[in-house]
Amino acid sequence: MENGGACTPQIRQVLLLFVLLGMSQAVSETGSFSVAEEMQSGSFVGNLAKDLGLKVRELSSRGAQVVSKDKKQHLQLDINNGDLLLSETLDREELCGSTEPCVLYFQVLMKNPTQFLQIELQVRDINDHSPVFLEKEMLLEIPENSPVGAVFLLESAKDLDVGINAVKSYTISSNSHFHIKMRVNPDNRKYPELVLDKALDYEEQPELSFILTALDGGSPPRSGTALVKVMVVDVNDNSPEFQQAFYEVEILENSILGSLVVTVSAWDLDSGTNGELSYTFSHASEDIHKTFEIHQKSGEITLRAPLDFESIESYSMIIQATDGGGLFGKSTVRIQVMDVNDNAPEITVSSITSPIPENTPETVVMVFSIQDIDSGENGRIVCSIPEDLPFVLKSSVENYYTLETERPLDRESRAEYNISITATDLGTPRLKTEYKITVRVSDVNDNAPAFTQTSYTLFVRENNSPALHIGSVSATDRDSGTNAQVTYSLLPLQDTHMPLASLVSINADNGHLFALRSLDYEALQAFEFRVGATDRGSPALSSEALVRVLVLDANDNSPFVLYPLQNGSAPCTELVPRAAEPGYLVTKVVAVDGDSGQNAWLSFQLLKATEPGLFGVWAHNGEVRTARLLSERDAAKHRLLVLVKDNGEPPRSATATLHVLLVDGFSQPYLPLPEAAPAQAQADSLTVYLVVALASVSSLFLFSVLLFVAVRLCRRRRAASVGRCSVPEGPFPGHLMDVSGTGTLSQSYRYEAI
C-alpha cells in the first residue's frame with residue numbers, strides 16, 4: 001500500500017511532462033489579422049482555415065473555439081466556414097492607449113488532439129479625435145529686455161489618435177512679435193515653441209494675445225485652439241534720480257521733536273518693485289543718526305533729538321534712494337541750525353483803574369512796565385494796542401507805560417472795552433506777549449428820556465365808564481441804573497379854562513392814561529395835552545410829548561324834527577290843490593340829529609296815512625309828494641305820520657305828524673262851511689289869516705335854516721381849533737344822502753309858496 005501511494009506522484013509528473021510537450025507542439029502555428037477600429041460588431045476580420053491551411057471540416061470536427069486571456073470575447077469563429085468576425089466594436093484608444101501598434105492576442109483551441117493556434121489581431125487607428133489643449137488660456141510672462149530670437153515653450157495639445165492622425169503642426173494668429181516653431185522630443189512627440197521676432201517694450205504695449213491652433217495629420221485634419229496671453233514684464237533698467245542733487249535747509253534750534261526738516265524726493269521710470277524706492281542715510285555719522293531720522297518710503301527727514309546751535313551749527317549727510325532691483329541714486333542734504341529768540345517779553349502791571357466815568361478826557365487807566373531778558377535786537381521791545389480803540393499808550397522812563405483815554409467816552413455807545421496790550425521784541429522770529437484788560441465805563445446822566453413818538457393820538461368812545469384805560473405813552477432812557485428810571489406826569493395846560501385834571505390821569509410808573517369821567521361827544525369832541533417823562537438822575541433830565549384825545553360819537557341822540565313843529569301847539573295844515581299833478585311837492589319834513597357820521601344819516605318813511613297810496617315820502621330828503629292824481633272823491637282832510645330814523649347801532653327814530661287839506665285853489669277859505677257862502681267880509685278876513693299863517697311858517701323855516709348854519713359853523717371852528725376834523729369813514733349807504741351829519745336840509749333846497 002505504501003509503495004503504491006509513493007508511485008502516484010511520479011506517474012502525474014510524467015503525464016504533465018507529456019502534456020506540456022504536446023502543447024508546445026500545438027501552439028507552434030501563428031496567424032495574423034488586422035482590422036480598423038470603430039467597425040461594427042459582426043464585421044469580417046479574416047478566414048482562419050484559409051490563413052492557417054486548415055480544412056473547414058477539421059475546425060468543426062475538432063470543436064475549434066476562440067479563447068482570450070482577459071476573458072473578453074472580441075472575436076467569434078464561424079466553424080461552418082472558418083471566418084473570424086468581430087463580437088463588438090473596438091476602440092483602439094481604450095484598448096491600447098498611446099501604444100503603437102495596437103495588437104490583441106487570441107488563441108484557437110482545437111481538440112482531438114488538443115492544439116492551440118496563436119492569433120494576432122492588429123487594431124488600426126482612425127482619425128476620430130481632435131487635438132485638445134489642457135488649458136484653454138495660456139499666460140506667459142516675458143521680460144521686456146528679452147532678445148530677439150528668444151524661444152519660449154508653450155503647452156502642447158493632446159490627441160488620443162496615433163501615427164499620422166496625431167498632432168502634426170501648430171500655427172498662431174497673425175502678430176508682429178512672435179512666430180511658432182515646432183520641436184520633436186526623443187519620444188517623437190511634437191511641441192510648440194514661441195519665438196520672439198520683435199523686441200518688447202513694457203511702456204509701449206504691456207500685454208499681447210493671440211490664438212494658438214494645433215492640427216493633426218488625419219484626412220480631413222482635425223484642430224484645437226487655445227488663447228495665449230503674453231504679459232510683458234518690466235525690468236529694472238532705470239536707476240533712481242533725485243529731484244535735486246543738493247538740498248540745503250535751515251532749521252530753528254528750538255524746533256519741536258518730530259517736526260519735518262526736509263523731504264527728499266526721487267523717481268524711477270520703472271514700475272512695480274523696480275519703481276519702489278526706499279530712502280536711507282549713506283555713511284552717516286553717529287550724531288546724524290541720533291539727531292535725525294528718515295522715512296524709508298516718503299523720504300521725510302524729521303527731528304529726532306533737540307538741536308543746540310552752540311554745539312553744532314550744521315549737518316551734512318548723503319541720502320541714498322534704492323529701488324527694488326538694487327539700483328540706487330544719491331543726493332546731499334545740508335541742514336543749517338538757526339539761532340532763535342527763545343525768550344518772550346514780560347508785562348508787569350502796577351495799577352488798574354476800572355470803571356472809568358464817561359465824558360472824562362485823558363483818564364489814566366493802567367500803569368505797567370515791560371522787559372525782555374534777551375539781548376541785542378532780541379531784547380528790544382515794541383508795545384502796542386489795537387488802533388480802533390479810543391485809548392493811547394504813552395511811554396515813560398525805563399520801559400514804563402501808561403494806558404490813557406484818547407477822548408471822552410460814551411457809555412451809551414459802548415459800555416465795555418476789551419483791550420489787548422501787545423509787547424513784541426525785534427528778534428527773529430519776533431516773540432510777543434499779550435496782556436488783556438477789560439475797561440468798563442460808568443454811566444453819567446447825559447441822556448434825557450425819549451418818547452417813542454413825538455405825538456400820540458388816542459380814541460375814546462363817548463359815554464365811557466370812569467377810570468377807563470384809554471392808552472399809554474412810553475419813553476426810554478439810554479442811561480443805566482437810576483439814570484434810566486423814568487417817571488411820567490401831566491404837564492399844565494396853557495389854556496386854563498379846560499379842567500384837565502378832571503378829564504384824564506397818568507400812571508407815573510408805566511405811562512398808562514385813564515379817563516376820569518364819562519365824555520360827551522356833543523359837548524367835547526377832542527382835546528389835547530402834554531405829558532412829561534423825567535429820569536431820576538442828578539440833575540434830572542426830562543422830555544415831553546403831545547397827546548391828542550379824540551372822542552368818538554355814539555348813537556345817543558334821536559332825530560329832532562324841525563319842521564313841522566311837534567310842540568303840541570295847533571297843527572300846521574299843508575294846502576294842496578286838487579289839480580296837482582303826481583309828484584307835486586306838498587311839504588318837506590326837516591329833521592336834524594345831534595350825533596355825527598353815520599349816526600346822523602337820516603332816512604324818512606311814511607308810517608300811516610288817512611288814505612294810503614295818495615301821498616309818498618322820499619327816503620333821502622323827507623319830501624312829501626303826491627303819488628297820483630287827485631279826484632273829487634278823495635277826502636279833503638288827510639293826516640300823515642312820518643317816521644324819521646338815523647343809521648346808528650342801534651338806530652334811533654322820531655315821528656312827525658302832517659295835516660294836509662285838499663282845496664280847489666289857494667283862494668278858497670281854509671275851512672269851508674257846509675252852510676251858505678259867507679259874506680264878502682268874512683272871506684277877506686279868512687284870506688288875511690291864511691297869508692299870515694303862510695308868512696309865519698316861512699319865517700320859522702328861515703330861522704331854522706339860519707340856526708342850523710350857525711351851529712355847523714361853530715362846530716367846524718371848534719374842530720379846527722383842536723386840529724382834527726371828524727369825517728365818517730367808509731362809503732355812504734345806498735339808501736342815504738350825506739347831509740354833513742346835521743340833518744336833512746339841503747343847501748339847494750328852496751321852499752316855494754304861491
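**Exercise 1. Determine how strand 48 and strand 49 are joined, and how covered strand 49 is.**

Solution. Step 1: strand 48 (residues 637-645) and strand 49 run antiparallel and are joined by nine bridges; two strands pair if DSSP finds at least two bridges between them. Strands (E, at least two residues) and helices (H or I, at least four) are DSSP runs, numbered from the N terminus. This is a predicted model, in which local features need pLDDT of at least 70 and side-chain atom pairs count only at pLDDT 80 or more, while totals for chains, interfaces and linings use all residues. Residues are numbered from 1 along each chain as its sequence is written, and side-chain values use heavy atoms, with hydrogens and water left out.

Step 2: R639 has H659 as its bridge partner in strand 49.

Step 3: strand 42 (residues 573-577) is also joined to strand 49, by five bridges, and these two run parallel. Here V576 has L662 of strand 49 as its bridge partner.

Step 4: of the 11 residues of strand 49 (residues 653-663), eight are buried. Buried means under 20% relative accessible area, exposed over 50%, and partly exposed in between (1.4 Å probe, protein chains only).

**Exercise 2. Describe the open sheet that contains strand 24 and strand 28, and identify its edges.**

Solution. Step 1: the sheet has four strands in the order 24-26-29-28, with antiparallel pairing.

Step 2: strand 24 (346-352) and strand 28 (391-395) each have a single partner strand, so one side of each is left without a neighbour in the sheet; these are the edges.

Step 3: from one strand to the next, the twist averages 25°. For such angles, axes are lines fitted to C-alpha atoms, for helices over the stretch in contact, and angles run from 0 to 180 degrees between N-to-C directions.

Step 4: within the sheet, strand 26 (residues 364-371) pairs with strand 29 (residues 400-405) over five bridges. M366 stands opposite L403 of strand 29.

**Exercise 3. Characterise the surroundings of Q336 and of G471.**

Solution. Step 1: Q336 belongs to strand 23 (residues 328-338). Its relative accessible area is 19%, so Q336 counts as buried.

Step 2: the side chain of Q336 reaches the backbone oxygen of E313 at 3.1 Å. Leaving aside neighbours within four places in sequence, Q336 is in contact (heavy atoms within 4.5 Å) with V249, E250, I251, E313 and S314.

Step 3: G471, in strand 34 (residues 468-472), is buried at 12% relative accessibility.

Step 4: not counting residues up to four places away in sequence, G471 touches L458, G511, H512 and L513. The C-alpha atoms of G471 and L458 are separated by 6.4 Å, although the two residues are 13 apart along the chain.

**Exercise 4. Classify the aromatic pair of F133 and Y170, and locate its two residues.**

Solution. Step 1: nine aromatic pairs are present in the structure. Rings of Phe, Tyr and Trp (its six-membered ring) pair if their centres lie within 6.5 Å; planes under 30 degrees apart count as stacked, over 60 as edge-to-face and the rest as tilted.

Step 2: the ring centres of F133 and Y170 are 6.3 Å apart and the planes stand at 55°, so this pair is tilted.

Step 3: F133 lies in the loop between strand 7 (115-124) and strand 8 (137-143), whereas Y170 lies in strand 10 (residues 167-172), 37 residues apart. Both F133 and Y170 are buried.

Step 4: one aromatic cluster is formed by F451, Y456 and Y488.

Note on methods
Polar contact = N/O pair within 3.5 Å; in protein donor to acceptor, adjacent residues only side chain to side chain.
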